[in-house]
Amino acid sequence: MDRPLTRNIKPKAEPLWLAEYEKAGGYESVRKALRTMAPQEVQKLVTESTLRGRGGAGFPTGKKWSFVPMGPDTPRPKYLVVNADEMEPGTFKDRLLLEGDPHQMIESMIVSAYAIQADVGYIFLRMEYGIAAARLRKAIKEARAKGYLGRNLLGSDFSFEIYLHSSAGRYICGEETALLNALEGKRAIPRAKPPFPQVVGLWGKPTIVQNVETLCNVPHIITHGVEWYRRLSRGKDGGTKIYGVSGNVKRPGAWELPMGTSIREILEEHAGGMRDGFAFRGLLPGGASTAMLVEEHLDLPMDFESIAQGGSRMGTGTMIVLDDQTCPVGFAQNLEHFFAQESCGWCTPCWEGLSWTERILQSLEEGQGRMEELDVLTMHTKLLAPGRTFCALAPGAMDPLQSLLKYCRVDFERHIHEKRCPWRDGHNGADGARTWPVSSSMIVPTR
Amino acid sequence: MLSDAERAEIEEELSHYPDKQAGCVEALKVVQRHRGWVSDENLKSVAALLGMTSDELDSVATFYNLILRKPVGRHVIFLCDSISCWVCGCDAMRKSLQSLLGISMGETTPDGRFTLLPIVCLGACDHAPTMMVNDDLHEDLTIEKVDRVLEQYP
Ligand SMILES: Cc1cc2nc3c(=O)[nH]c(=O)nc-3n(C[C@H](O)[C@H](O)[C@H](O)COP(=O)(O)O)c2cc1C
Ligand code: SF4
Ligand code: FES
C-alpha cells in the first residue's frame, strides 16, 4: 500500500460507509491504540514517524502534541480541532480527503484524541464544503452508533465526542488562534502567542489544532508502524504527500505521492506538462502565500527543507502555475487583492499595507504606474516581513510579490514604459483586472 | 420573529458548545437558510436568543463573507475570482454572466432571480474556472456551460 491516505478514494464515487470501511481495515488503529497502547505510546510513534504538519507550516506533529498537559490533574475538557477551513487559494487537497473518505477523518480524530486524551473534537469546516459536511455528519452518526464515539469507547475508559462546525467564509479563520476565536463565536482575530493553544486554547483549555491531511496520516502510522511509514517517503520527512497542480497544464489534479517527489515529476508526469500554446514561467509551490519558483528549481524535491532552500515554502503542496500568456503583474494583483480583502484588520501594517500594495499593482496594470512605485512595493515586502505583523497572513502575502518582483522585474517595468499592460488584449491581461464593484459603464443589456 | 423550525435548528446547534455565543455563526446560518439573508430584525432575535447584544452579534456577522446582511435574489451565484480561476479565465465568465444577467457584480436582477457575487477559491482549482450557485458547485466553466447552468435555476 503506497497511497494510504487515498486508498479508499475513487473519483466521483460514494465514499466507503462504515461496514465497507471496516472491511477495508478501517478503525483498526482505534482498536489497536485503545486496547494495547498507552496514550504516550501513540504520541511516541507519531514523533518517531517524523510526521510534519500539512497545513502550511510543517511543524513536527509529535512535538506539538508533547506540549499538551497530560495526567490526572490537567485542566478539562481538552480539545482536538481539525482545521478544515482550506481557503488558501490554489489549495484543494483537504476537500479530496473529506469528501472521499469521511470515516478516515473520524478514525484519525479518535486515535489522535486518545493520544492527547482530548475529550471533545471539533471539525472546523469551511461553509462551501457542503458535500463534505453531509458526509462527515453521516460518518459521525455511524461511528457513534457503533460505539467508536461517545462514552467509554470500545469498553475502554476513554470517552470522546465529535461535532462539526461549519464556518461562514473568512481566510483568517484558518490561522489556528483566529480559528479558536471563531469557534468561540467571536470575531476571528488571531490571539497573541504565548500562551500556545496546546496549553491555553479553546475556552482557555488545552487544544490541538491540526490540518486535515496531517491527522489522516496518524491511523496508518499506528496500524502499520513507523518503519513502514518512513519508507513511504523519498526524503527525511516521513510519509506521502498530496500534491496538486492547477493552472494551464494538461491534466490539473491532485495525487498522493511519496514525500519528496520532484517538482518536475509532479508537473510533467502527473499534470502532463503545459497545455499546448502555453509556456512555463514559474509556480507557487504550495498555495497563494508561497514565493514563486522558476525553471532552475524544477528538480527540487517537494519537501519542507528542499523548497526552503529554493527560497520558498512547500506550504500546502498544491502548486499554481504561471504561464507566458498570463500577465505576472495581473497575477500579483489578483493575489494581493485576495490578501487585502481577507486581512482581518487587526494590525495597521497589514490592512493598510496590503490595500496600498493592491492599489499600486492596479495602477501598474492600468498603465499608470511609476518607477518609484516598484520601490514602494519592495519596501512593503520588508515592512510586512515575518515578525512585523501580528500573524503570518501579511508575510504570506508578501512572499509571492517579492518573488514576482525578482523573477519578472522586466514585466513590471514594461508596464511602466509602455504605459499599458502588454497582455491587455491577450488571454489574461489588464482588462481582466479586478475592478469590483464594477462601474456602471460595464453593464451590458440583457439579451 | 424566528419560526419554530428555526429555533429548533438553532437549539440543536447550540447543544454542540459549552456556551451559547459559540453557536452564533451557525445560528445566523440557520436564519439565512430559511430566509435567504439576515435582516436587522432577525439578527436582533438571534442575539436575544443567545444572550448577546445585537452589536456584538453584528460585529461577528459582518466579519464573514457569507453571512448576507442584505437581501438577495432567489439564487445566488458565487463566482470564484481567486488565482487559479483567474489564470484559467474567470474574467471571461464574469463578463459573460454580467451580460447574460444584465447586472454587475454585487447586484440582483430586477426580476429577483439572481444575485451575482464574487467568492474566494472554492477548493476546486483543478477544475477552474468554477462557481457556486446556491449550494451547488459548477466546475470547468466555459461561456456555453455558464449559459446552460443558469437554466437549471428558474
Ligand atoms: C492566514 C492563515 C490561514 C491559514 N489557513 C489554514 C487552513 O485553512 N488550513 C490549515 O490546515 N492551516 C491553515 N493555516 C495554518 C494554521 O495556522 C496551522 O498552522 C495549522 O492548522 C496547523 O496544523 P498542521 O500542523 O497540521 O499543519 C493558516 C495560517 C494562516 C496564517
Ligand atoms: S497580520 Fe493581518 S490578518 Fe494577521 S492579525 Fe494583522 S491584520 Fe490580521
Ligand atoms: S482558485 Fe477558483 S477554485 Fe481555487
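Hi everyone, let's start with one residue, A:Lys93, which sits in the loop of chain A between strand S1 (79-84) and helix H5 (94-100). Before I go on, please keep in mind that what you have in front of you is a predicted model.

Is A:Lys93 buried or exposed? With a relative accessible area of 0%, A:Lys93 is buried, because the limit for that label is anything under 20%. Its side chain has polar partners. The side chain of A:Lys93 reaches the backbone oxygen of A:Arg54 at 3.2 Å, and it makes a polar contact with the side chain of A:Asp94 at 2.8 Å. Leaving aside residues up to four places away in sequence, A:Lys93 also touches a number of others, including A:Glu86, A:Asn211, A:Glu213 and A:Lys241. The list goes on with A:Ile242, A:Thr316 and A:Thr318, among others.

Hold on to two of those names, A:Glu86 and A:Asn211, both touched by A:Lys93, as we turn to ligand 1. There are 18 residues around ligand 1. Which of them come nearest? They are A:Gly55, A:Asn83, A:Gln210, A:Asn211 and A:Thr214. So there is A:Asn211 again, a contact of A:Lys93 and one of the residues that come nearest to ligand 1.

And A:Glu86? A backbone N or O atom of A:Glu86 lies 3.0 Å from an oxygen atom of ligand 1. A:Gly174 also brings in its backbone, with an N or O atom 3.2 Å from a nitrogen atom of the ligand. With A:Thr214 we switch to a side chain: an N or O atom there is 2.7 Å from an oxygen atom of ligand 1. How much of ligand 1 does the protein bury? Taken alone, ligand 1 exposes 610 Å², and the protein buries 89% of that.

If you are looking for the ligand on your screen, the space it takes is the second largest pocket. In terms of secondary structure, strand S4 of chain A, residues 207-211, gives the most to the shell around ligand 1, with three residues.

Now for chain B, from a step further back. Chain B has seven helices and four strands. Along the sequence they follow the pattern α-α-α-α-β-α-α-β-β-β-α. Measuring along the principal axes is not something you need to do yourselves: the C-alpha atoms fill a box of roughly 50 × 35 × 25 Å. Of the 154 residues in chain B, 60% count as buried. Looking at contacts in chain B between residues at least 6 apart in sequence, 61% join residues at least 24 apart. As for the surface, chain B exposes about 6,000 Å², and carbon and sulfur atoms supply 51% of it.

Back to chain A, and to distances along the chain and through space. A:Ala38 lies in the loop between helix H2 (28-36) and helix H3 (39-48), and it is partly exposed, at 32% relative accessible area. A:Ala38 and A:Ala115 are 77 residues apart in sequence, and their C-alpha atoms are 7.8 Å apart in space. Then take A:Cys421, in the segment after helix H17 (409-417) of chain A. A:Cys421 counts as buried, at 0% relative accessibility. Its C-alpha atom is separated by 44 Å from that of A:Leu5, with their positions 416 residues apart along the chain.

Finally, some backbone details. Most residues other than glycine have a negative phi, and most peptide bonds are trans. Where are the cis bonds I want to show you? One joins A:Pro194 and A:Pro195, with omega about 0 degrees; A:Pro195 is in the loop between helix H8 (176-183) and S4 of chain A. Another joins B:Ala128 and B:Pro129, with omega about -5 degrees, and B:Pro129 lies in the loop between strand S2 (114-119) and strand S3 (131-133) of chain B.

For positive phi, look at A:Thr50, which has a value of about 65 degrees although it is not a glycine. A:Thr50 is found in the loop between H3 and helix H4 (61-66) and is partly exposed, at 22%. A:Leu154, also not a glycine, has a positive phi of about 45 degrees. Its place is in the loop between helix H7 (130-145) and strand S3 (161-166) of chain A, and A:Leu154 is partly exposed too, with a relative accessible area of 24%. Thanks for listening!

Key. Residues are numbered from 1 along each chain as its sequence is written. Chains are lettered from A and ligands numbered from 1 in the order in which they are written. This is a predicted model: local features need pLDDT of at least 70, side-chain atom pairs count only at pLDDT 80 or more; totals for chains, interfaces and linings use all residues. Side-chain values use heavy atoms; hydrogens and water are left out. Helices (H or I, at least four residues) and strands (E, at least two) are DSSP runs, numbered from the N terminus. Buried means under 20% relative accessible area, exposed over 50%, partly exposed in between (1.4 Å probe, protein chains only). A polar contact is a pair of N or O atoms within 3.5 Å; within protein, one must be able to donate a hydrogen and the other to accept it, and residues adjacent in sequence count only if both atoms are side-chain atoms. Contact means heavy atoms within 4.5 Å. A residue is near a molecule or strand if one of its heavy atoms lies within 4 Å of it. Accessible areas come from the Shrake-Rupley method with a 1.4 Å probe; for residues, only the protein chains shown count as cover. On a 1 Å grid over the protein atoms alone, a cavity is a set of points where a 1.4 Å probe fits but cannot get out, and a pocket is an open set with protein on both sides within 12 Å along at least five of seven lines; lining residues have an atom within 4 Å of a point. A molecule sits in a cavity or pocket if more than half of its atoms lie within 2 Å of its grid points.
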